[in-house]
Amino acid sequence: MTARPMAGTRRINKAAEQRITTRNARFQQWLALLDNRTKRTRSGEFVVQGVRPITLAAQHGATVRALVYPIGRPLSDWARGLLEDPGLRAERVAMAPELLAELAAKDDDTTELLAVAVQPADRLDRIQVGADFLGVVFDRPTSPGNVGTVIRSADAFGAAGVIIAGHASDPYDPRAVRASTGSVFALPVVRVPAPSLVLEWLTDLRAAGAPIRVVGTDESGEFDVAEHDLTGPTLFVIGNETTGMSSAWRDACDVVVRIPIGGAASSLNAANAATVVLYETARQRSRM
């Protein structure tokens with residue numbers, strides 16, 4: 001009598017499986033995506049690590065080029081479900097566990113799934129602008145963790161999109177993707193090289209009837225954030241972690257708000273400040 005496979009140990013269809021057991025060219029290419037922004041940009045791909053980011057990539061229809069799993073290891077129902085999902089048109093790649101651990105940036109070889117995803121187009125028209133529009137510009141951020149945290153907060157409090165402006169940290173850096181906990185897949189994240197492109201987009205939207213106000217955040221702002229009406233269409237500008245908003249963005253603001261703080265702290269971390277103003281916006285709008 002032939003034994004039936006235990007749950008979670010059924011094998012992937014070998015006809016559809018690719019195998020990587022050495023540090024070949026493809027492995028080296030994916031490894032470079034972890035810390036080489038130039039190669040991420042040229043390939044248009046990035047590595048997705050972690051259960052929630054991979055799950056959200058699949059749920060929100062991200063283009064996934066490859067799902068990578070360890071050779072000879074039993075998999076969880078979660079991993080098996082993604083690998084056997086016929087709607088997820090990604091190549092299935094079985095990899096030696098020790099190589100997969102390198103891609104996962106882990107000290108052990110317990111990772112059961114990674115994804116290689118395609119970077120979406122950097123087009124501002126991906127951001128939907130409605131009557132209750134809420135958007136975020138992060139001006140020249142330097143920390144991938146802050147980028148990911150701002151994206152996560154924007155998602156949590158109902159923003160339509162996040163714009164990463166100027167010479168900035170990469171939202172597809174693995175540290176940013178992890179810090180976003182997958183929210184990078186849940187709302188449009190658009191990179192622009194200069195404020196002028198966003199301001200042209202805003203001019204067109206306003207000409208079409210969208211009364212969007214640009215609200216900057218700075219410790220020397222004119223109003224406390226809780227005292228300013230944030231219920232209308234709003235584009236927040238969060239400044240660089242060290243130097244704050246650039247002069248171009250400061251000039252573009254209709255108003256600049258501040259977050260009152262006490263204690264010995266002189267200011268908040270940029271990502272924390274973004275979270276506070278987004279929460280306050282959601283609070284005000286929930287009372288309408």
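**View 1. After helix α3 comes G61, with a positive phi near 75°.** Helices here are DSSP runs of H or I with at least four residues, strands are runs of E with at least two, and both are numbered from the N terminus. The model is a predicted one, in which local features need pLDDT of at least 70 and side-chain atom pairs count only at pLDDT 80 or more, while totals for chains, interfaces and linings use all residues. Residues are numbered from 1 along each chain as its sequence is written, and side-chain values use heavy atoms, with hydrogens and water left out. Which residues of α3 are buried? Within this helix, which runs over residues 51-59, they are P53, I54, T55, L56 and A57. Here buried means under 20% relative accessible area, exposed means over 50%, and partly exposed lies in between (1.4 Å probe, protein chains only). The cover over the buried residues of α3 includes two strands, β2 (45-48) and β5 (114-118), together with two helices, α4 (77-83) and α7 (174-179).

**View 2. S183 sits in the loop between α7 and β8.** Is S183 buried or exposed? With a relative accessible area of 5%, S183 is buried. Its side chain makes a polar contact with the side chain of D155, at 2.6 Å. A polar contact is a pair of N or O atoms within 3.5 Å; within protein, one must be able to donate a hydrogen and the other to accept it, and residues adjacent in sequence count only if both atoms are side-chain atoms. Leaving aside neighbours within four places in sequence, S183 is in contact (heavy atoms within 4.5 Å) with L56, I151, R152 and D155. L56 also appears in View 1, as one of the buried residues of α3.

**View 3. T181 and R140 are loop residues with positive phi.** T181 belongs to the loop between α7 and β8, where its phi is about 50° although T181 is not a glycine. For R140, phi is near 55°, again a positive value in a residue other than glycine. The loop that holds R140 runs between β6 (134-139) and α6 (144-156). R140 counts as partly exposed because its relative accessible area is 24%.

**View 4. R191, in strand β8, makes polar contacts with Q119 and D170.** The strand covers residues 189-192. Why does R191 count as buried? The reason is its relative accessibility of 18%. The side chain of R191 meets the side chain of Q119 at 2.9 Å, and a further polar contact joins it to the side chain of D170 at 3.3 Å. Beyond neighbours within four places in sequence, the contacts of R191 are Q119, D122, I164, D170, P171 and Y172.

**View 5. R26, in helix α1, pairs its side chain with that of E91.** Helix α1 spans residues 25-35. The polar contact between the side chains of R26 and E91 is at 2.4 Å. R26 is partly exposed, at 30% relative accessibility. Apart from neighbours within four places in sequence, R26 is in contact with I20, E91 and V93.

**View 6. F223, in strand β10, touches residues that include R258.** The strand consists of residues 223-224. How far apart are the C-alpha atoms of F223 and R258? They are separated by 6.0 Å, although the two residues are 35 apart along the chain. F223 touches H228, V255, V256, V257 and R258, not counting residues up to four places away in sequence. With a relative accessible area of 36%, F223 is partly exposed.

**View 7. To place the close-ups, here is the whole chain, with ten helices and twelve strands.** The C-alpha trace spans about 75 × 40 × 35 Å along its principal axes. Of the 288 residues, 50% count as buried. Among contacts with a separation of 6 or more, 78% come from residues 24 or more positions apart. The mean pLDDT (the predictor's confidence in each residue, from 0 to 100) is 92, and 94% of the residues reach 70 or more. Over residues 1-10 the pLDDT is below 50, and this stretch has eight contacts in the model beyond near neighbours in sequence. Where pLDDT is low, the predicted coordinates should not be read in detail.
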